[in-house]
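I want to go through this one by strands, rings, empty space and odd backbone angles. Notes below are in the order I looked things up.

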Amino acid sequence: MTSIDGLRLEAAVHLAGERGERGTVIQAHGINANMTEGGMFVRLADRLADVGFTVLRFSFRGHGGSGGTQRGATIAGEMLDLQAAVEYVADRFPGSLSIVASSFGAVPTSLSLPWLGERLDRLVLWNPLLDLQRTFVHPELPWGKENYGPDQQKLLSTQGFLVVDDEFELGRVMFEEFARYRPLDTLTASNVPTCVVHGDRDTAVSYEIARQAAAVKPDTDFHTIRGSDHGFDTREREDEAIAVTVAWLAGSDQGQA
């Protein structure tokens with residue numbers, strides 16, 4: 001795909017299987033990840049295709065094989081990338097549209113909800129990052145304190161970027177966006193049916209913020225992955241998140257757990 005501002009984005013399409021067309025699902029990965037999301041997005045896409053969904057996976061700018069640089073990645077840019085994905089599937093796969101967003105992927109997705117409006121049929125959020133201030137600017141959890149604490153933030157002035165998990169170079173402009181954008185507000189103001197899947201031992205992204213958001217947002221289910229850290233930290237927990245997502249998108253509502 002090509003973003004609206006001309007960057008090439010790596011992408012893969014999983015075509016719906018023989019059971020019929022249920023619509024299209026776009027997958028939005030987290031920061032310092034790519035369109036495979038550690039393999040979970042590939043497995044999820046295959047399962048969704050088996051039950052009749054066409055699935056588009058793609059890597060945001062500065063991630064995976066997409067154009068751009070890590071230091072140049074921004075929330076605004078990721079919103080452009082998501083818009084390109086939505087327009088790509090709209091031109092090729094008419095029908096209902098759902099999005100599955102993991103971790104930081106919930107940021108551009110939530111901020112795009114006012115634009116998406118009624119064209120979005122359903123939304124699934126995995127371990128969603130919803131409060132940028134409490135995760136990055138004034139980090140409250142261990143991962144945030146390690147990667148975005150005072151010593152790390154000083155590097156934004158001296159070298160223009162800080163390094164996340166010893167491998168992703170997060171630039172000054174994106175960090176400044178953290179103080180400006182409020183994905184939690186746009187998410188809770190949306191009426192799109194939503195399912196939140198979150199581990200209750202998450203040391204990177206707040207489980208309580210996500211649970212509280214689900215409690216006040218209309219038409220929202222919340223599923224807890226018991227004992228799980230961020231990213232669903234065992235194959236069994238990954239499989240649980242995938243199974244809940246497939247069942248919910250296919251219409252077998254699991255309710256709260």
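These are my entries, and the model I worked from is a predicted one.

**Entry 1: strand S2**

I started with S2, residues 23–28, and asked how many of its residues are buried. Six of the six are, so I put S2 down as largely enclosed by the rest of the structure. I then checked which way the side chains go. In a regular strand they alternate between the two faces of the sheet. Here Gly 23, Val 25 and Gln 27 point one way, while Thr 24, Ile 26 and Ala 28 point the other way. Both sets are buried.

Next I looked up the neighbours of S2. Strand S3 (residues 53–58) runs parallel to S2, and five bridges join the two. Strand S4 (residues 97–102) also pairs with S2 in the parallel sense, again over five bridges. Thr 24 is a handy marker for both: its bridge partner in S3 is Thr 54, and in S4 it stands opposite Leu 97.

I also noted the connection from S2 to S3. Together with helix H1 (residues 40–50), the two strands make a β-α-β unit, and I have it down as right-handed.

**Entry 2: strand S9**

I ran the same checks on S9, residues 220–225. Six of its six residues are buried, so mostly covered is how S9 goes into the notebook. Thr 220, Phe 222 and Thr 224 point to one side of S9, with Asp 221, His 223 and Ile 225 pointing the other way, and all are buried. Strand S8 (residues 194–199) runs parallel to S9, joined to it by six bridges. One of the pairings I wrote down is Gly 199 with its bridge partner in S9, Ile 225. From S8 the chain crosses through H10 to S9, and this β-α-β crossover is right-handed.

**Entry 3: aromatic rings**

I searched the whole structure for aromatic pairs and got 11. I opened the pair of Phe 136 and Trp 143: the ring centres are 6.2 Å apart and the planes sit at 65°, so I logged the pair as edge-to-face. Buried or exposed, these two? Phe 136 is buried at a relative accessible area of 0%. Trp 143 comes out at 16% relative accessibility and counts as buried too, because the cut-off is under 20%.

I then opened Tyr 207 and Phe 222, which form an edge-to-face pair at 5.5 Å centre to centre, with 75° between the planes. This pair links distant parts of the chain: Tyr 207 belongs to helix H10 (residues 207–216), Phe 222 to S9, and 15 residues separate them. Both Tyr 207 and Phe 222 are buried.

Phe 136 and Trp 143 turned up again in an aromatic cluster, along with Phe 104, Tyr 148, Phe 175 and Phe 178.

**Entry 4: pockets and cavities**

Empty space was next. The largest pocket has a volume of about 400 Å³. Its lining takes in 21 residues, and the closest to the pocket centre are Ile 31, Glu 37, Ser 103, His 230 and Gly 231. By class I have nine nonpolar, nine polar and three charged residues in that lining.

For closed space, I found three cavities of 30 Å³ or more. The largest cavity has a volume of about 60 Å³. Among the residues lining it are Arg 134, Thr 135, Pro 139, Glu 140 and Leu 141. Gly 144, Ala 204, Ser 206 and Ile 209 are in the lining as well. That lining divides into four nonpolar, three polar and two charged residues.

**Entry 5: positive phi**

Which residues other than glycine have a positive phi? I noted Asn 32, with phi near 60°, and Asp 165, with phi of about 55°. Asn 32 lies in the loop between S2 and H1. Asp 165 lies in the loop between strand S6 (161–164) and strand S7 (168–171). I checked exposure for both. Asn 32 is partly exposed, with a relative accessible area of 23%, and Asp 165 counts as partly exposed at 35%.

**Entry 6: Arg 8**

Last lookup: where is Arg 8? Arg 8 is in the segment before strand S1 (11–14). Arg 8 is exposed, with a relative accessible area of 57%. I also took a C-alpha to C-alpha distance from Arg 8 to Ser 66, which came to 5.9 Å, with the two residues 58 apart in sequence.

Notes. Residues numbered from 1 in each chain as written. Predicted model: local features only at pLDDT ≥ 70, side-chain atom pairs only at ≥ 80, totals over all residues. Heavy atoms only, no water. Buried < 20%, exposed > 50% of the residue type's maximum accessible area, 1.4 Å probe, protein only. Helix = DSSP H or I, 4+ residues; strand = E, 2+ residues; numbered from the N terminus. Pairing = 2+ DSSP bridges. Right-handed = clockwise from strand over helix to strand, strands pointing away. 1 Å grid on protein atoms, 1.4 Å probe; cavity = no way out; pocket = protein on both sides within 12 Å on 5 of 7 lines; lining within 4 Å. Points joined across faces, edges and corners; volume = space filled by probe spheres on them. Nonpolar A, V, L, I, M, F, W, Y, C, P; charged D, E, K, R; others polar. Phe/Tyr/Trp six-rings, centres within 6.5 Å; stacked < 30°, edge-to-face > 60°.
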